[in-house]
Amino acid sequence: MKALDLLATEENIYTTFIDDAIGRDADVFSFVSFLNSLDSGNVIALNARWGEGKTFFVKQTKLVLEAFNPYYENIEHREEIKKTWEKLRKKQEIEIQPFVTVYYDAWMNDNDEDPVLSLVLAILQEIDGLTSLENERGILDLAGNVLDCFTGRTVKGVLDSLRGTPPLENIKKAKDLESKIAAFFESILPERGNRMVVFIDELDRCKPSYAVQLLERIKHYLYDDRITFVFSVNLGELQHTIKHYYGNTFDACRYLDRFFDMRISLPPADKTAFYREMGLESSYVLEKICRKVIDT
């Protein structure tokens with residue numbers, strides 16, 4: 001029996017979407033359609049337990065959104081992705097607006113002293129890549145204004161050190177911080193897309209201090225009507241993280257309600273095709289036990 005524990009590589013994200021390996025394509029379709037319908041800023045918690053496929057799901061959502069944005073010129077398999085979308089769409093009339101999409105692995109960055117540093121860097125990498133961005137002074141200057149307010153560092157310093165970790169200053173009490181952030185996003189979006197979706201993954205695995213700081217930065221400073229933040233999280237584990245930071249008697253559930261405009265539970269996977277691929281589809285007792293173990 002071959003192992004089918006897949007890493008969330010680009011190829012695996014694509015093939016599992018095309019093959020609909022665990023019956024999630026219909027859910028991807030529903031979620032993309034939902035994101036497409038939003039016309040204001042939102043912070044969404046996409047909730048599922050560890051190991052239930054949150055990373056694959058948000059990366060497949062990102063894959064579909066990018067396929068419909070002509071700004072992404074080098075999308076592999078664009079036509080195959082659109083064909084799969086057409087099968088899912090059936091007779092529904094849905095026109096996907098152009099989205100700029102960003103995937104941010106919070107766990108990979110929780111050694112940064114301020115999450116804004118790596119989050120802004122992830123956005124810059126997404127829109128053009130660090131090398132070509134060096135020629136776009138306007139965007140770099142605006143991003144520099146935002147970073148300087150939080151970290152005391154310029155974009156040039158970030159580009160030169162590539163996530164170096166010198167001591168960070170306290171947040172500056174700049175009265176024009178909101179306008180600087182708005183100008184930064186304004187410099188990114190008009191030519192590249194109507195809206196932006198930032199997928200934030202693995203927050204529930206982060207250090208408590210980093211998880212709390214990231215939530216508070218986004219809600220209080222990085223909010224924008226054109227941006228949807230999607231946190232793919234295990235809310236139960238995230239509540240434990242919050243309690244570890246504020247104390248066991250702290251009401252972590254109500255605290256998170258301050259940040260998430262809505263909570264959406266990821267539907268369970270349909271493993272019929274998955275079991276068929278593994279050769280576990282008969283009524284033999286051993287195979288029934290194997291399926292039960294995998295379900296658990």
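How much space lies in the second largest pocket? I will begin there, and I should say at once that what we are looking at is a predicted model, in which about 680 Å³ of space lies in that second largest pocket. Of the 22 residues that line this pocket, the closest to its centre are E10, K62, L63, E66 and I75. The elements that give two or more residues to its lining are α1, α3, β2, which covers residues 99–105, and α5. Divided by class, the lining of the second largest pocket has 10 nonpolar, four polar and eight charged residues.

Let me turn to the largest pocket, whose volume is about 1,300 Å³. It is lined by 39 residues, and those closest to its centre are I22, G51, E52, G53 and F56. Here the elements that contribute two or more residues are α1 (10–19), α3 (54–67), α13 (272–278) and α14, and α3 gives the most, with six residues. By class, the lining of the largest pocket comprises 16 nonpolar, eight polar and 15 charged residues.

Next comes the enclosed space. A search of the whole structure finds one cavity of 30 Å³ or more, and the volume of the largest cavity is about 30 Å³. Its lining consists of V120, I123, V146, I181, F184, F185 and L222, and the elements that give two or more residues to that lining are α5, at 115–127, and α9, at 177–188. The largest share, three residues, comes from α9. In terms of class, the lining of this cavity has seven nonpolar residues, with no polar and no charged ones.

Now to the charged pairs. In general, side chains of opposite charge can pair when their charged atoms come close. This structure holds 10 salt bridges, and I will go through some of them.

In one of these, the side chains of R217 and D114 meet at 2.7 Å, N to O. This pair links distant parts of the chain, since R217 sits in helix α10 (residues 208–220) while D114 sits in the loop between β2 and α5, 103 residues apart. Are these two partners buried or exposed? R217 counts as buried because its relative accessible area is 9%, and D114 is likewise buried, at 4% relative accessibility.

Another salt bridge joins the side chains of R205 and E202, at 2.6 Å, N to O. Of these partners, R205 is partly exposed, with a relative accessible area of 32%, whereas E202 is buried, with a value of 16%.

Helix α10 comes up again in the salt bridge between the side chains of K219 and D261, which meet at 3.2 Å, N to O. That pair too links distant parts of the chain, with K219 in helix α10 and D261 in the loop between α12 (252–257) and β5 (262–265), 42 residues apart. K219 is partly exposed, with a relative accessible area of 23%, and D261, at 39%, is also partly exposed. Beyond these pairs, salt bridges that share partners join K62, E66 and E126 into one network.

Finally, let me move to the surface, where V285, I289 and V293 form a nonpolar patch with about 300 Å² of accessible area together. Of these residues, I289 lies in helix α14, which runs over residues 285–295. I289 counts as partly exposed because its relative accessible area is 49%.

Methods
Residues numbered from 1 in each chain as written. Predicted model: local features only at pLDDT ≥ 70, side-chain atom pairs only at ≥ 80, totals over all residues. Heavy atoms only, no water. Patch = residues over 30% accessible without salt bridge, like charges linked within 9 Å, V, L, I, M, F, W, Y side chains within 5 Å. Areas by Shrake-Rupley, 256 points an atom, 1.4 Å probe, with all protein chains shown as cover. Salt bridge = Lys/Arg side-chain N within 4 Å of Asp/Glu carboxyl O. Helix = DSSP H or I, 4+ residues; strand = E, 2+ residues; numbered from the N terminus. Buried < 20%, exposed > 50% of the residue type's maximum accessible area, 1.4 Å probe, protein only. 1 Å grid on protein atoms, 1.4 Å probe; cavity = no way out; pocket = protein on both sides within 12 Å on 5 of 7 lines; lining within 4 Å. Points joined across faces, edges and corners; volume = space filled by probe spheres on them. Nonpolar A, V, L, I, M, F, W, Y, C, P; charged D, E, K, R; others polar.
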